[in-house]
Amino acid sequence: MIVIGGGPVGEVAAERAARGGLRVALVEHERFGGECSYWACIPSKALLRPGNLLAAAKRVPGVPVGDAVDPAEVFARRDWFTGKGDDTGQVKWAEGVGIVPIRGHGRITGEREITVDGGDVLTARHAVIVATGSVPRTPSIPGLDTVSPWGSREATSAEKVPGRLGVLGGGVVGVEMAQAFATLGAEVHLIISGERPLPRLPEFAGDAVVAGLREAGVTVHTGSGLDSVSAVDGGKELALKGGERLVVDELLVATGRRPATDGLGVETLGLEAGAPLTTDDNGRVSAVDGGWLFAVGDVTGRAPLTHQGKYAARAAGDAVAAQAAGKPVDSGAWSAHSATADHHAIPQVVFTDPEVASVGLAGPEEGKPHRVVDIDIAVAGSSLHADGYAGKARIVVDTERDVLVGATFVGQDVAELLHAATIAIVGEVPLPRLWHAVPSFPTISEVWLRLLEAYGL
């Protein structure tokens, strides 16, 4: 088997297939370990954690803390996590589990055939799995191409804190990096098109994040956008919709991502470059005959999160190994070979202060027997956790089956509440049975009891 893309998702697919008895080549044109390890999840959370910890410490009297984080120490800790881009350890790991790492750009040049950098030709006996991830979307804004804007990579790998930072985009990258650089000492302007960031989440989540950003010193420009950008003496001038003008030292463009299928050779299979590779739940690319091409992770457009990509990679890697061994591939829901959770229970955490943790539905679906329960997170555990603790919790319940189909938590350190909700949704645990899962006192998880009581149990 051949895997194109050596990030976390590709690594998992390769390992599962190797564990199943296949000889696997893993092709990567940049760094083994991929976007998440060097430019996304890991470094961004390393930049966020010190500021969040400082804010948390200030909420508990008697804890000796300073007024600011040390940017040099924060960057040094980030560099420790990313190894400053050295992927030697990942290469050794791959070799240690029986994977053959091949450095170069892999392009599909025929059925089961991959050409690396226009030279070496690899042929897969059984399957090719594409795990090339995603790349940033660049909006069409006059002058943007003349000012060398930051993308997420430049933000997470920055060596110094800009005096003034503009951030365009109210998604996860936008709010997280606005918070991180504000706590590192930058003057930050977050520019979003709507009235609040994170528009796919409940309104109370976006409102809480805006309040947290403003408390951290971020100026949030809502209902706005950029008409144009230009280079001026001393920085980059941003012409905001509505007439306001700002001058910043750096501009981070965080307006979303798209599947990385450019240059992959998908045109040879009749597919469109730049478009997602649509798959079934086993990971097979539906439009390609023969069942030999699979895709997992961001490149599919299904659930563009590292953990969901790794989940799909486990299913696809095992499916390919089973297929190669002449064993049945189970396409049924919730089987070992199917990424069923992509349709029902996608968990995600936004690591701002406050955190936002969500899984499943953010609200009721029209025409479905859904009921929403919203409460404040006001339990003994939250009061002990931080003075003035402010948080909210929501569950979405399928009232016909009496099971959870969605949950959202907002507040300091709510990320660790999320997996319980994920288990309840995936396991379709009836609420009368969930009532018997007694939360420990005094923890924030006691909010589960309050949610069920508010539902009527």
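In which helix is the place of R214? In this predicted model, R214 belongs to helix α8. With a relative accessibility of 45%, R214 counts as partly exposed, because it falls between the 20% limit for buried residues and the 50% limit for exposed ones. A residue distant in sequence can be located from here: V188 is 26 residues from R214 along the chain, and the two C-alpha atoms are 9.9 Å apart in space.

Helix α8 also leads to the second largest pocket. Three helices, α3 (41-58), α7 (172-183) and α8 (203-215), each contribute at least two residues to its lining. The volume of this pocket is about 560 Å³. Its lining comprises 28 residues, and those nearest the centre are A55, R59, G212, E215 and D353. Sorted by class, the lining of the second largest pocket contains 13 nonpolar, eight polar and seven charged residues.

One of the residues nearest the centre of that pocket, D353, also takes part in an unusual backbone feature. The peptide bond from D353 to P354 is cis, and its omega is near 10 degrees. P354 itself is placed in the loop between β18 (348-350) and β19 (355-360). A further cis peptide bond runs from F441 to P442, with omega near -5 degrees. Here the proline, P442, is situated in the loop between α12 (431-434) and α13.

The backbone has other points to inspect. S148 is not a glycine, yet its phi is positive, at about 50 degrees. This serine is part of the loop between β8 (134-136) and α6 (152-156). Its relative accessible area is 57%, so S148 is exposed. L198, likewise not a glycine, has a positive phi of about 50 degrees, and its position is in the loop between β10 (187-191) and α8. In terms of accessibility, L198 counts as buried because its value is 6%.

Helix α9 offers a further landmark. It spans residues 306-324, 19 residues in total, and reaches 26 Å from its first C-alpha to its last, close to the expected 27 Å. Following α9 comes G326, with a positive phi near 75 degrees. The helix also contributes to an enclosed space: α9 provides three residues to the lining of the largest cavity, the largest share. The model contains one cavity of 30 Å³ or more, and the volume of the largest cavity is about 100 Å³. Its lining consists of 16 residues, with G297, T300, R302, A312 and D342 nearest the centre. By class, five of the lining residues are nonpolar, seven are polar and four are charged.

Strand β17 (residues 293-295) contains F294. This phenylalanine has a relative accessibility of 0% and therefore counts as buried. F294 and I129 are 165 residues apart along the chain, but their C-alpha atoms are separated by 4.5 Å.

How many aromatic pairs does the structure hold? There are four. In one of them, the ring centres of Y38 and W39 lie 5.9 Å apart and the planes meet at 65 degrees, so the pair is edge-to-face. Y38 and W39 are both buried. Another pair is formed by F409 and W448, whose ring centres are 5.7 Å apart and whose planes are at 65 degrees, so this pair too is edge-to-face. Because F409 lies in strand β22 (residues 403-411) and W448 in helix α13 (residues 447-455), the pair ties together parts that are 39 residues apart in sequence. F409 counts as buried because its relative accessibility is 0%. W448 has a relative accessible area of 11% and is therefore buried.

The cysteines complete the account. C36 has a relative accessibility of 12% and so counts as buried, whereas C41, at 26%, counts as partly exposed. The disulfide count for the model is zero, where a disulfide would require a pair of cysteine sulfur atoms within 2.5 Å.

Terms used. Residues are numbered from 1 along each chain as its sequence is written. This is a predicted model: local features need pLDDT of at least 70, side-chain atom pairs count only at pLDDT 80 or more; totals for chains, interfaces and linings use all residues. Side-chain values use heavy atoms; hydrogens and water are left out. Helices (H or I, at least four residues) and strands (E, at least two) are DSSP runs, numbered from the N terminus. The expected span of a helix is 1.5 Å times one less than its number of residues. Buried means under 20% relative accessible area, exposed over 50%, partly exposed in between (1.4 Å probe, protein chains only). On a 1 Å grid over the protein atoms alone, a cavity is a set of points where a 1.4 Å probe fits but cannot get out, and a pocket is an open set with protein on both sides within 12 Å along at least five of seven lines; lining residues have an atom within 4 Å of a point. Grid points are joined across faces, edges and corners, and a volume is the space filled by probe spheres set on the points. Ala, Val, Leu, Ile, Met, Phe, Trp, Tyr, Cys and Pro count as nonpolar, Asp, Glu, Lys and Arg as charged, and the others, Gly among them, as polar. Rings of Phe, Tyr and Trp (its six-membered ring) pair if their centres lie within 6.5 Å; planes under 30 degrees apart count as stacked, over 60 as edge-to-face and the rest as tilted.
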